[in-house]
Amino acid sequence: MAAQRPLRVLCLAGFRQSERGFREKTGALRKALRARAELVCLSGPHPLPDAPGPEGARSDFGSCPPEEQPRGWWFSEQEADVFSALEEPAVCRGLEESLGMVAQALSRLGPFDGLLGFSQGAALAAFICALGQAGDPRFPLPRFIILVSGFCPRGLGFKESILQRPLSLPS
């Protein structure tokens, strides 16, 4: 009997996280799933150059490698690089670039068996699955989705009708 290949899971980091930081924060999960699953982490395409650092201090990320700089998937204001899940945003600036980045990762790094998203990444993962379920060819439906600390994405960038239908995959 042939050995079963490990599951591959594309992991979408949250707002103000870096790919490297998210990989470190999922270290215990990666260790527990060692031979059963490979977690491929991805952070948003939009850098947050003036993100709060530890204890609310402002940090200058100019000297840090880009993969360590906090990033986001989209912003809820037109002029500021901020995001609030609690408010109905007037814009979802950067969402299209993020969708393109995830579509490229799915195509270039896939196939993936599942999606895992944290916070803003969880909202994006749910939206991506809803788009795939609605027939968007950029987003093949995974076998499962894991949403951690997510929320229902709202605003002009999201098609409310798509998000109102339940996803037809295990979560």
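L7 of strand β1 stands opposite A37 of strand β2, where strands are DSSP runs of E of at least two residues and helices are runs of H or I of at least four residues, both numbered from the N terminus. The model is predicted, with local features requiring pLDDT of at least 70 and side-chain atom pairs counted only at pLDDT 80 or more, whereas totals for chains, interfaces and linings use all residues. Residues are numbered from 1 along each chain as its sequence is written, and side-chain values use heavy atoms, with hydrogens and water left out.

Strands β1 (residues 7-12) and β2 (residues 37-42) run parallel and are joined by six bridges; pairing requires at least two DSSP bridges between two strands. β1 also pairs in the parallel sense with β5 (residues 114-118), over four bridges, and V9 has G114 in β5 as its bridge partner. Five of the six residues of β1 are buried (under 20% relative accessible area; exposed, over 50%; partly exposed, in between; 1.4 Å probe, protein chains only).

Helix α3 (residues 95-109) has 15 residues, and its end C-alpha atoms lie 21 Å apart, in agreement with the 21 Å expected at 1.5 Å a residue, the expected span being 1.5 Å times one less than the number of residues. The buried residues of α3 are L95, S98, L99, V102, A103, A105 and L106. Viewed down the helix axis, these buried residues fall within an arc of 160° and therefore line one face of α3, the arc being that of the directions from the axis to the C-beta atoms. They pack against β1, β2, β3 (46-47) and α4 (120-133), contact meaning heavy atoms within 4.5 Å. Exposed residues E96, S107 and R108 occupy the face of α3 turned away from its buried side.
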